Amino acid sequence: MIRFLFCLPFFKSGSETGDQEMVIKKFIRKNVKKGTSIEEVDKKICEKFGDGSIEYRELDYWYHQFYNGKKGLKDKRNPCDRTSLELLDLPNEMIHSIVSYLPIPDKFNLQLVSNRLGSLAAMNFDALTVNIDENSMTFFNPRKRSEETVMPINLGYNQLKMLLSCPELKLEFLSIEADNASIANGRALRNIQKLLKSIYHQLRAEHFCSFGFLKDQLSLLPYFNPEVLRGITAFEFDPPEPFLETIQELVKMEQWRQLKVLLFKFQYKNPFVFYPIEYFTQFEVLGLGDVIRSIDDSPEIFAWIRELIMTSPNIEKIHAGFDMSLREICETLDPAIEIQWDVGHDGLAFWNTPKSKFVIGKNTAEDLHGLTIVKENGKHWKGYRAYVR
Amino acid sequence: MSVENAPVVDVDEAAIPVEKKMYYRFESNDKKEFRVSELAIQQSETLNRLVEAMGYTSEDVENKPAIAIENIDGKTLKLVFQWCEHHKGEAIPVDDGSVPKIVEIPEFDAKLMDIDNGLLFKLIWAADYLNIVQLLNVSCKKVANMAQGKTPAQLRRVYLLPSDEEDEAAKRAAQEAQDPRAREVEEEFEERKRQGGNSFF
């Protein structure tokens with residue numbers, strides 16, 4: 001709702017203001033003529049006439065009057081014209097739109113201005129990646145990679161806490177990364193746990209990516225709202241982990257049981273393929289990050305995918321990396337797969353299971369090794385064109 | 001204001017196709033009248049729908065009263081129509097929610113928006129009200145550009161932003177002005193809360 005403000009006195013001081021008003025207006029006019037920016041004029045006025053000698057709104061008005069060619073010092077506004085629209089008079093959608101153009105540090109700044117602006121700024125974060133280094137923290141929106149902000153580590157934790165504390169925050173994607181998986185068993189992980197523990201509400205993020213071991217999720221997932229969280233990404237690195245024990249603990253958590261998307265990048269020889277398929281039947285989307293270069297590399301993974309596709313009632317899509325021809329992959333997965341056409345890595349094939357029909361094709365045109373197995377006309381189906389290059 | 005005296009806003013006749021050469025008359029809430037080409041009006045979804053629904057002929061446009069735009073003053077409307085005339089015929093961007101939204105401010109727009117904040121906010125409001133997508137984009141970007149790099153204190157000064165405490169105090173004052181008993185009720189409520197009561201009633 002538009003709220004017009006009542007007329008405010010132009011200049012703050014008392015009866016001698018008439019003269020001072022004129023002097024300040026002349027000062028503004030002189031500086032506009034010299035090409036001085038409004039910020040600089042504001043600073044100069046504060047230095048010369050003292051803080052608060054002129055309302056910014058008045059400075060702004062007169063600056064632009066002179067800037068646009070007016071020379072007179074007489075105020076021709078009638079008192080009713082002095083009602084003016086301010087930033088906070090705009091509806092939230094418009095302020096939201098303005099904030100969307102701000103880079104990350106300025107959005108953080110808004111949280112220090114007021115709760116309303118802080119909330120609007122928080123609502124502007126739809127996706128966020130936080131990269132924790134030894135001494136610094138980098139923030140960026142993975143969808144706008146150019147907008148990257150690096151800050152000292154302590155300031156970074158403060159800003160992150162302030163942002164995550166905002167109850168209006170709802171992220172489609174949150175990634176907390178630490179170099180060389182140091183988030184696992186490291187200081188970064190402990191700090192993040194401490195930070196999440198200090199927040200009074202559960203985080204609303206649809207997808208959480210933690211560049212650490214799957215077992216890190218045991219200590220991080222409790223801080224996420226299970227009604228919102230739909231997917232996680234876990235990146236496994238060299239040291240093997242007690243995968244079975246981890247997953248047995250994870251399935252006890254509401255957050256894990258609600259998950260529909262699991263993307264993991266770990267060595268495909270990892271024993272996860274030897275564990276019961278039941279642990280994975282809750283997922284609609286599974287992503288396997290590492291590239292499989294030959295059948296001999298991991299014959300188990302082909303059997304694992306086949307079992308999942310044939311038995312899971314929920315599976316809609318699997319994408320995986322294969323540096324093998326489409327024909328070789330399909331023939332290994334299931335000789336019953338009908339290959340419609342194929343040229344090297346490219347091609348299109350159909351996999352009829354007792355319950356559904358799956359289409360096998362490219363993950364994306366850019367991803368040379370990416371292969372997608374997707375249920376035809378399912379939730380994640382994008383039409384045939386999406387799976388051919 | 002008579003039809004003859006109504007200002008014509010920066011019209012580039014050569015750029016207007018022959019079949020579109022119709023000018024509508026609009027009147028701001030302070031009774032300033034503007035003549036705007038049909039092609040320029042297309043930049044505003046709201047006005048475009050309005051004139052389509054009215055189905056005016058060239059004679060109607062001259063003989064009937066100007067179309068009143070009651071929420072926008074003349075100064076703001078002049079800027080809006082200047083923008084529409086300059087950008088007439090241009091494709092209207094479709095906001096498909098894609099990220100990032102990249103908006104460049106053309107030179108003409110930058111010059112047009114070299115105005116004080118009060119007027120700039122009125123322009124944003126008008127662009128939203130009249131549903132002029134690209135004008136809304138560039139004007140919001142302009143405000144964002146002005147806010148960039150400013151400290152919280154500077155932002156408060158430039159945009160007259162109250163702190164949370166000031167905002168609360170203003171709300172309380174407004175409430176009290178409206179209902180002098182509001183403060184009493186609030187104090188009573190706070191007192192009951194302190195005493196451990198769960199409900200006011």
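This report describes the chains, two helices, the largest cavity, the cysteines and two loop residues of a predicted model.

## The two chains

Chain A has 389 residues, of which 52% count as buried. Its secondary structure consists of 13 helices and 13 strands. Of the contacts in chain A with a separation of 6 or more, 60% join residues that stand 24 or more positions apart.

Chain B has 201 residues, and 41% of them count as buried. It contains 10 helices and three strands, and their order along the sequence is β-β-α-α-α-β-α-α-α-α-α-α-α. In chain B, residues 24 or more positions apart supply 65% of the contacts with a separation of 6 or more.

| Chain | Residues and buried share | Helices and strands | Share of contacts (separation of 6 or more) made by residues 24 or more positions apart |
|---|---|---|---|
| Chain A | 389 residues, 52% buried | 13 helices, 13 strands | 60% |
| Chain B | 201 residues, 41% buried | 10 helices, three strands | 65% |

## Helices H4 and H6 of chain B

Helix H6 of chain B covers residues 117-129. Its 13 residues reach 18 Å from the first C-alpha to the last, which is close to the 18 Å expected at 1.5 Å a residue. The helix is largely enclosed by the rest of the structure, because 10 of its 13 residues are buried. These buried residues are Asn117(B), Gly118(B), Leu119(B), Leu120(B), Phe121(B), Leu123(B), Ile124(B), Trp125(B), Ala126(B) and Ala127(B).

The cover over the buried residues of H6(B) comes from both chains: it includes helix H3 (56-67) and H4 of chain A, and helix H4 (74-86), H7 and helix H8 (152-158) of chain B. Just after H6(B), Asn131(B) adopts a positive phi of about 55°.

Helix H4 of chain B, one of the elements that cover H6(B), also has 13 residues. Its end C-alpha atoms are 18 Å apart, in agreement with the 18 Å that 13 residues should span at 1.5 Å a residue. In H4(B), 10 of the 13 residues are buried, so this helix too is largely enclosed by the rest of the structure. The buried set is made up of Gly74(B), Thr76(B), Leu77(B), Leu79(B), Val80(B), Phe81(B), Gln82(B), Trp83(B), Cys84(B) and Glu85(B).

## The largest cavity

Four cavities of 30 Å³ or more are present in the structure. The largest encloses about 100 Å³ of space. Its lining draws on both chains: Leu87(A), Ile95(A), Ile98(A), Val99(A), Leu102(A), Leu110(A) and Leu117(A) come from chain A, and Val143(B), Ala147(B), Leu155(B), Tyr159(B) and Leu161(B) from chain B. Two elements each give two or more residues to this lining, namely helix H4 (92-100) of chain A and helix H7 (133-147) of chain B. H4(A) gives the most, with three residues. By class, the lining has 12 nonpolar residues, no polar residues and no charged residues.

Leu161(B), one of the lining residues, lies in the loop between H8 and helix H9 (164-178) of chain B. Its relative accessibility is 5%, and it therefore counts as buried, the limit being under 20%. Not counting residues up to four places away in sequence, Leu161(B) touches Leu87(A), Leu88(A), Val113(A) and Leu117(A) in chain A, and Leu155(B), Arg156(B) and Glu166(B) in chain B.

## Cysteines

A search of the whole structure finds zero disulfides over all chains. For Cys140(B), the closest cysteine sulfur belongs to Cys84(B), at 15 Å; no bond is assigned between them because this is too far. Cys140(B) is buried, with 0% relative accessibility, while Cys84(B) is among the buried residues of H4(B). In chain A, Cys330(A) is buried as well, with a relative accessible area of 1%.

## A loop residue of chain A

Ser165(A) is found in the loop between helix H7 (153-164) and strand S4 (173-178) of chain A. At 30% relative accessibility, Ser165(A) counts as partly exposed. Beyond residues up to four places away in sequence, Ser165(A) touches Ile199(A) and His201(A). The C-alpha atoms of Ser165(A) and Cys209(A) are separated by 19 Å, and the two residues stand 44 residues apart along the chain.

How values were computed:
Residues numbered from 1 in each chain as written. Chains lettered and ligands numbered in written order. Predicted model: local features only at pLDDT ≥ 70, side-chain atom pairs only at ≥ 80, totals over all residues. Heavy atoms only, no water. 1 Å grid on protein atoms, 1.4 Å probe; cavity = no way out; pocket = protein on both sides within 12 Å on 5 of 7 lines; lining within 4 Å. Points joined across faces, edges and corners; volume = space filled by probe spheres on them. Helix = DSSP H or I, 4+ residues; strand = E, 2+ residues; numbered from the N terminus. Nonpolar A, V, L, I, M, F, W, Y, C, P; charged D, E, K, R; others polar. Expected span 1.5 Å × (residues − 1). Buried < 20%, exposed > 50% of the residue type's maximum accessible area, 1.4 Å probe, protein only. Contact = heavy atoms within 4.5 Å. Disulfide = S-S within 2.5 Å.
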